[in-house]
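Me: I would be grateful for a close look at one part of this structure, with its surroundings described in connected prose.

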Amino acid sequence: MEKRQLGKDGDHVSVIGFGAWPIGGAMGVVDEGAAISTVHAVLDHGITLIDTAQSYRVSEAIIGKALKDGRRNQVFLATKVSRDYSPDAIRRAMENSLRALQTDHVDLYQIHGWNPQYPVDDSMEMMERLRQEGKTRYIGVSNFNVEQMELAAQTASFHSLQPRYSLLDREIETETLPYCEAHGIGILPYSPLAKGLLTGKYTPDHQFPADDERSGMTRFQGEEFRRNLATANKLQSIAQERNLTLIQLAIGWQLRLQGITCVLVGAKTPEQVAEHVGGQGWQLTDTELQAIETVLAEG
Ligand SMILES: NC(=O)c1ccc[n+]([C@@H]2O[C@H](COP(=O)([O-])OP(=O)(O)OC[C@H]3O[C@@H](n4cnc5c(N)ncnc54)[C@H](OP(=O)(O)O)[C@@H]3O)[C@@H](O)[C@H]2O)c1
């Protein structure tokens with residue numbers, strides 16, 4: 001498993017990370033035993049970074065159960081404080097996360113999103129205090145734009161940004177990516193499979209159950225769903241010519257950029273994790289990259 005350094009001077013982490021949102025149950029219920037086996041498969045495959053959050057339902061508790069019995073030190077554990085970024089709430093959220101994760105510190109503590117209700121300097125001051133106390137080793141932010149990162153950096157330095165990024169979601173390429181590269185901020189892209197659109201496994205008549213967040217997302221309905229699946233099918237042909245699956249192409253395509261530290265991929269089963277590992281260890285040629293651009297331009 002390839003590794004890259006987090007930010008300018010952080011740890012080296014695996015280029016594929018385990019996104020623990022699906023095992024929390026918001027993309028359909030996952031049996032606890034299957035979820036724990038999935039976390040164990042992550043470690044067995046040499047994936048060292050696990051990403052979860054305060055708001056991921058039972059995700060932190062499952063990870064805590066999966067990592068007790070000596071596995072905690074094999075993992076670079078990242079979690080987030082969600083929604084309320086007042087200093088007291090951040091401290092409380094950290095204590096709750098540590099309890100659920102059954103550990104005395106996390107490796108990366110991230111502010112989940114921008115909320116103008118809470119002055120970012122107060123939030124970052126608390127994040128820095130928690131770092132100095134040893135509750136987290138590094139600080140990160142998520143869903144921040146350049147202006148918001150600049151404001152946050154005035155109070156405390158941070159090692160990473162977690163933005164949405166996939167073949168179907170390229171908004172960060174114009175400003176955010178270059179800014180992070182110029183400032184040595186590691187990028188942990190989320191939803192690299194566009195929440196399953198880039199797996200090739202759905203047909204336009206697929207119905208997501210009501211307890212799956214995708215049942216309420218427009219890109220998984222009607223004409224937009226059909227268009228996304230058509231693009232995915234064309235990308236799948238490019239992957240097949242290279243003996244890759246679409247999922248592996250979608251992961252490896254991100255790693256063409258050195259500014260990407262670790263691609264966070266969600267999974268519900270050990271088999272899904274095993275497939276992700278094939279998303280690293282190779283590089284797309286210029287011709288393949290051009291073919292991908294052509295498909296996306298048509299999309
Ligand atoms: N910071 C944020 O605001 C934010 C937001 C979203 C996500 N994230 C993080 O990023 C991680 C990844 O994003 P995500 O989980 O939203 O979406 P994702 O990684 O783009 O897609 C995950 C979904 O893809 C399907 N899948 C994955 N591997 C597969 C395989 N090998 N074969 C077939 N299907 C496969 C599964 O769909 P099925 O359920 O249909 O099996 C799975 O639920 C999250 O888990 C979380 O850690 C962060």
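**A glycine and its surroundings**

Reply: At 3% relative accessibility, Gly 186 falls under the 20% limit and is therefore counted as buried. The model in view is a predicted one. Gly 186 belongs to strand E9, which covers residues 186-187. Apart from neighbours within four places in sequence, Gly 186 touches Gly 7, His 159, Ser 160, Leu 161, Gly 259 and Thr 261. One of these partners, Leu 161, is 25 residues away in sequence, yet the C-alpha atoms of Gly 186 and Leu 161 are 6.3 Å apart in space.

Another partner, Ser 160, deserves attention in its own right. Ser 160 is part of strand E8, residues 160-162. Its relative accessibility is 0%, so Ser 160 also counts as buried. Beyond the neighbours within four places in sequence, Ser 160 is in contact with Leu 6, Leu 108, Ile 139, Gly 140, Val 141, Ile 185, Gly 186 and Leu 188. Gly 186 thus appears in the contact list of Ser 160, just as Ser 160 appears in that of Gly 186.

The description may now turn to a pair of helices. Helix H5 spans residues 146-153 and helix H6 spans residues 176-183. Their axes come within 10 Å and cross at roughly 30 degrees. This angle is under 35 degrees, and H5 and H6 are therefore roughly parallel to each other. On the H5 side the meeting residues are Val 146, Met 149 and Glu 150, while H6 contributes Thr 176, Tyr 179 and Cys 180. Sorted by class, this contact holds 4 nonpolar residues, 1 polar residue and 1 charged residue.

Aromatic rings offer a further view of the structure. Across the whole structure, a search finds 9 aromatic pairs. In one of them, Tyr 85 and Tyr 118 are arranged edge-to-face, with 6.3 Å from centre to centre and 80 degrees between the planes. Tyr 85 sits in the loop between strand E5 (76-81) and helix H3 (87-101), and Tyr 118 in the loop between strand E6 (106-111) and helix H4 (120-132), so the pair ties together parts that are 33 residues apart in sequence. Tyr 85 has a relative accessibility of 6% and counts as buried. A second edge-to-face pair joins Tyr 202 and Phe 208, at 5.1 Å centre to centre and 70 degrees between the planes. Both Tyr 202 and Phe 208 are buried. Through ring pairs, Tyr 202, Phe 208, Phe 220 and Phe 225 are linked into a cluster. A ring may also meet a charge: Arg 256 lies over the face of Trp 253, at 3.9 Å from the ring centre.

Two loop residues complete the account, and they concern the backbone angle phi. Most residues other than glycine have a negative phi. Arg 57, however, has a positive phi near 55 degrees. Arg 57 is located in the loop between strand E4 (49-51) and helix H2 (59-67). With a relative accessible area of 55%, Arg 57 is exposed. Gln 102 likewise is not a glycine and has a positive phi, of about 55 degrees. Gln 102 is found in the loop between H3 and E6. Its relative accessibility of 43% means that Gln 102 counts as partly exposed.

Technical notes:
Residues are numbered from 1 along each chain as its sequence is written. This is a predicted model: local features need pLDDT of at least 70, side-chain atom pairs count only at pLDDT 80 or more; totals for chains, interfaces and linings use all residues. Side-chain values use heavy atoms; hydrogens and water are left out. Axes are lines fitted to C-alpha atoms, for helices over the stretch in contact, and angles run from 0 to 180 degrees between N-to-C directions. Helices (H or I, at least four residues) and strands (E, at least two) are DSSP runs, numbered from the N terminus. Angles under 35 degrees count as roughly parallel, over 145 as roughly antiparallel, 65 to 115 as roughly perpendicular and the rest as oblique. Contact means heavy atoms within 4.5 Å. Ala, Val, Leu, Ile, Met, Phe, Trp, Tyr, Cys and Pro count as nonpolar, Asp, Glu, Lys and Arg as charged, and the others, Gly among them, as polar. Rings of Phe, Tyr and Trp (its six-membered ring) pair if their centres lie within 6.5 Å; planes under 30 degrees apart count as stacked, over 60 as edge-to-face and the rest as tilted. Buried means under 20% relative accessible area, exposed over 50%, partly exposed in between (1.4 Å probe, protein chains only). A charge sits over a ring if NZ of Lys or CZ of Arg is within 6 Å of the ring centre and within 35 degrees of the ring normal.
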